[in-house]
Amino acid sequence: MKNKRVLAKITALVVLLGVFFVLPSNISQLYADYEVVHDTFEVNFDGWCNLGVDTYLTAVENEGNNGTRGMMVINRSSASDGAYSEKGFYLDGGVEYKYSVFVKHNGTGTETFKLSVSYLDSETEEENKEVIATKDVVAGEWTEISAKYKAPKTAVNITLSITTDSTVDFIFDDVTITRKGMAEANTVYAANAVLKDMYANYFRVGSVLNSGTVNNSSIKALILREFNSITCENEMKPDATLVQSGSTNTNIRVSLNRAASILNFCAQNNIAVRGHTLVWHSQTPQWFFKDNFQDNGNWVSQSVMDQRLESYIKNMFAEIQRQYPSLNLYAYDVVNEAVSDDANRTRYYGGAREPGYGNGRSPWVQIYGDNKFIEKAFTYARKYAPANCKLYYNDYNEYWDHKRDCIASICANLYNKGLLDGVGMQSHINADMNGFSGIQNYKAALQKYINIGCDVQITELDISTENGKFSLQQQADKYKAVFQAAVDINRTSSKGKVTAVCVWGPNDANTWLGSQNAPLLFNANNQPKPAYNAVASIIPQSEWGDGNNPAGGGGGGKPEEPDANGYYYHDTFEGSVGQWTARGPAEVLLSGRTAYKGSESLLVRNRTAAWNGAQRALNPRTFVPGNTYCFSVVASFIEGASSTTFCMKLQYVDGSGTQRYDTIDMKTVGPNQWVHLYNPQYRIPSDATDMYVYVETADDTINFYIDEAIGAVAGTVIEGPAPQPTQPPVLLGDVNGDGTINSTDLTMLKRSVLRAITLTDDAKARADVDKNGSINSTDVLLLSRYLLRVIDKFPVAENPSSSFKYESAVQYRPAPDSYLNPCPQAGRIVKETYTGINGTKSLNVYLPYGYDPNKKYNIFYLMHGGGENENTIFSNDVKLQNILDHAIMNGELEPLIVVTPTFNGGNCTAQNFYQEFRQNVIPFVESKYSTYAESTTPQGIAASRMHRGFGGFSMGGLTTWYVMVNCLDYVAYFMPLSGDYWYGNSPQDKANSIAEAINRSGLSKREYFVFAATGSEDIAYANMNPQIEAMKALPHFDYTSDFSKGNFYFLVAPGATHWWGYVRHYIYDALPYFFHE
């Protein structure tokens, strides 16, 4: 790993610019060769962005230069697509720099790489771009591209880019820019008395950067010296982050490109960031609210806007975490300026603005009718924001009495629901101590918001002199009064606190109000004004603190305090993944398939290497390097291996800049068991930085689950799952369990098959010598051949029992309400037409998200009821496709194909559909889509029957029974729902007909499975229940929903009637039990 030198380099450069220190008088110049930029990508994206709208940048572990982390560029549409980074802060025109980058590609042959520099000519205002180096690079080899280049003296906003002569994917790493020469050393400020230190024990003091000021070295030096909070002025607003191309209702694309330089600067220099803003009527493109993402489209519905809003918020937080995981995103303005200035609107319309777009009107109100979108936005933000990111409502004229009261009412409601953390007072005011924005009105508003119980941040403070109407002294008095009011609140309030005071601009030359109004603390030359001195006079020196580690302001200020249990964090994964993220290309998401406690756990899937897992960042102010803590998590897996070793580890960067991995605990466990990874006395290495606790497996890539993740005070006792007792190995053939295999065992096995005796469960396990889950004549034959020494070991059946975690008596459990909403990982429904024995007909094919024709899928055919058709099941009334999508996404259901045919048309009926099913439907569907059928001949279909199921509702349930009786050679799994078998004159006649079909098939009880369901108040219950009871008495069925032990189950939902609104949940409960045997 490369040393982490970025902060040192910036500090060195600022020293050279004369910002921090007074140099000895005999040193007037510094002579050195020094690095200006060194981007290693070990933690963040280091300010690099995608060049090309569809191009995607991702950091890849262990694939960079010298085995470090590198930056991969994929999905390029043209040769001009690649990666770029603005380096204007570090680079000056008229200076020669040496540029260097290491690149690699995995294409074929040789690829020509281009290193380019672009800049803005400050005199002509023209954009210029020059290719400064090209190099032919052989596939699979790291190659350095370097060149010396001097841009004109008038060049500003110097930007570096990397492209190739094709669209091949490539990786780059270790970008360095160096210069030779000398830099003058000037003393501008003494190294004491800075605002962030003065107020460190009260609140953060913040400022603003934009795309221009972030490239101004003097302004950034001022920021480094005075402030510990930054807000992007425009670069994180919706019009800067929303990406129109490729967005869908459930996946809104976002980009941080315009904010990248600012976020990188803050991440490198440990400056906290206020996110601004997510939801705003202004600076949000009109297409975001319209059909087809076009300005001229119709307004979308509330339900569609819900999807877009949630996706946008989710993806924004995810992208910040992906690109800048070390960034201290301590606060976010979730909603901005939603309350109208109109007293009539605040009195009668809940403060909602006029509906519409532009001129202060709100497209949000246009769609929602009122301000209900505010709570939705905070709900989504709370769901996806990092735990240490505080959520704010932000507004202007917030001291105006009618608007103030409306804001307070909205925020109190949100705060009481646990959705809001604070109110943002923009504070765009003038220097008049009285009047509309006078200090008394201002303090009254501040107190009202504090009385809610939440925190307050002064977010956009500027105090205008109104082009000289007010003096600089009047301005100084007003600034002092505002800061003093904030300090007084923090000294006296037992409720909320003021956690940040942020001025809206670095100096009077960079303000949205215009330099003539001189509203800020520093003049156009970055010199402090009387207002600065007034603010600096409030806090006595004895109360100053460390501005780089403030006590106020959240987001990494004070260390977190443990709760009553001694826990610093306790992640239960009930409804939220918390601060856990994926390692490598793995995916982490909530799953209800299994849980140690509660109903959900964290699923880790799509792993391509053992180190891919789940990780959680550790705040060094809470988990102090050199100190000892307790760490605990439980882990489990369901399938994919006979055992695995789970590892809980600490990833960190040591004092030399090398990335290290230290084991906290590791244990081995089998499937369907929870194991406790626990170390109550783990000491964090004293030189650790960039710390992550993570869970992985030792040497496989199976999907796994974690739950109950805890970081706690050292020595905390945390109870976990009890260790599983070690089972003695099963000696196959030793039926009586005496330790030897002989004729006595054969005699017992024969008598068991003839039902002359009943074996114990342990004896059954030893008697099932081919391990196919049943004891029959095959086991007798194999044991005989073993005793005669014809064979020396027992062959294992091709389809042993799976490790799926069944319940023996599953109960009705409806899918979560959210499963009825569209899923961000939605499958695809294809309408197909075929011609068969009943003419030309249609059916629908559901393909799971990520369907790959090169993979094999189980297939489930599902029939509608009477008076319905093939479109009913995937309609907006039933919405089964949404339930399938969510269940697959959350790991509750393996990806599968679902087909909805119809018994309508021609001479087809619910009773005889099985003929068309055999002759036409299966061959048609499974010749087009990838199932386990190697061919669609009768032999090929029969050979894949264990991967095929059939079910149906009402009349479709009747169809299911007829398919079972007539297609057992083609189908193994059956799901009759609220429909009985129409045969004979009694329940016993129905059961006997089914038994006769099984006898004709020659199948064992381990080769067919029935999961039936209905509701206790369903009209079908009266006919189904007697049939089910008669079937239970047959020797052909073992009644349990644990299909590893039985093959027949009947679920009855209490109070449920004959309605798809219930039946869709039966499918949700039953379908996960199919296709494991």
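Buried means under 20% relative accessible area, exposed means over 50%, and partly exposed lies in between (1.4 Å probe, protein chains only). With that in hand, Phe573 counts as buried, at 1% relative accessibility.

The structure above is a predicted model, in which local features need pLDDT of at least 70, side-chain atom pairs count only at pLDDT 80 or more, and totals for chains, interfaces and linings use all residues. Residues are numbered from 1 along each chain as its sequence is written, and side-chain values use heavy atoms, with hydrogens and water left out.

**Backbone points to look at**

Helices (H or I, at least four residues) and strands (E, at least two) are DSSP runs, numbered from the N terminus. Most residues other than glycine have a negative phi, and most peptide bonds are trans. Here are two residues with a positive phi.

| Residue | Phi | Place | Relative accessibility |
|---|---|---|---|
| Phe573 | near 60° | loop between β25 (567-571) and β26 (580-582) | 1%, buried |
| Asn672 | about 60° | loop between β32 (659-669) and β33 (675-683) | 25%, partly exposed |

Neither Phe573 nor Asn672 is a glycine. Gly891, just after α17, also takes a positive phi, of about 75°. The peptide bond from His276 to Thr277 is cis, with omega near 0°, and Thr277 sits in strand β18 (residues 272-280).

**Helices and what covers them**

Helix α17 (residues 880-889) is mostly covered, with 10 of its 10 residues buried; among them are Leu880, His886 and Met889.

In helix α22 (residues 1021-1032), the buried residues are Met1024, Gln1027, Ile1028, Ala1030 and Met1031. They lie on the same side of α22 because they cover an arc of only 160° around the axis, the arc being that of the directions from the helix axis to the C-beta atoms. Their cover includes α20 (955-967), β41 (973-977), α21 (987-1001), β42 (1009-1015) and β43 (1048-1053).

Ser261, in helix α5 (residues 260-268), counts as buried at 12% relative accessibility. Leaving aside residues up to four places away in sequence, Ser261 touches Glu86 and Val214, where contact means heavy atoms within 4.5 Å.

**A helix pair**

The axes of α11 (residues 439-451) and α12 (residues 472-492) come within 11 Å and cross at roughly 25°. That makes α11 roughly parallel to α12, a label for angles under 35 degrees, with over 145 being roughly antiparallel, 65 to 115 roughly perpendicular and the rest oblique. Axes are lines fitted to C-alpha atoms, for helices over the stretch in contact, and angles run from 0 to 180 degrees between N-to-C directions. The contact includes Tyr442 and Leu446 of α11 and Ala481 and Ala485 of α12.
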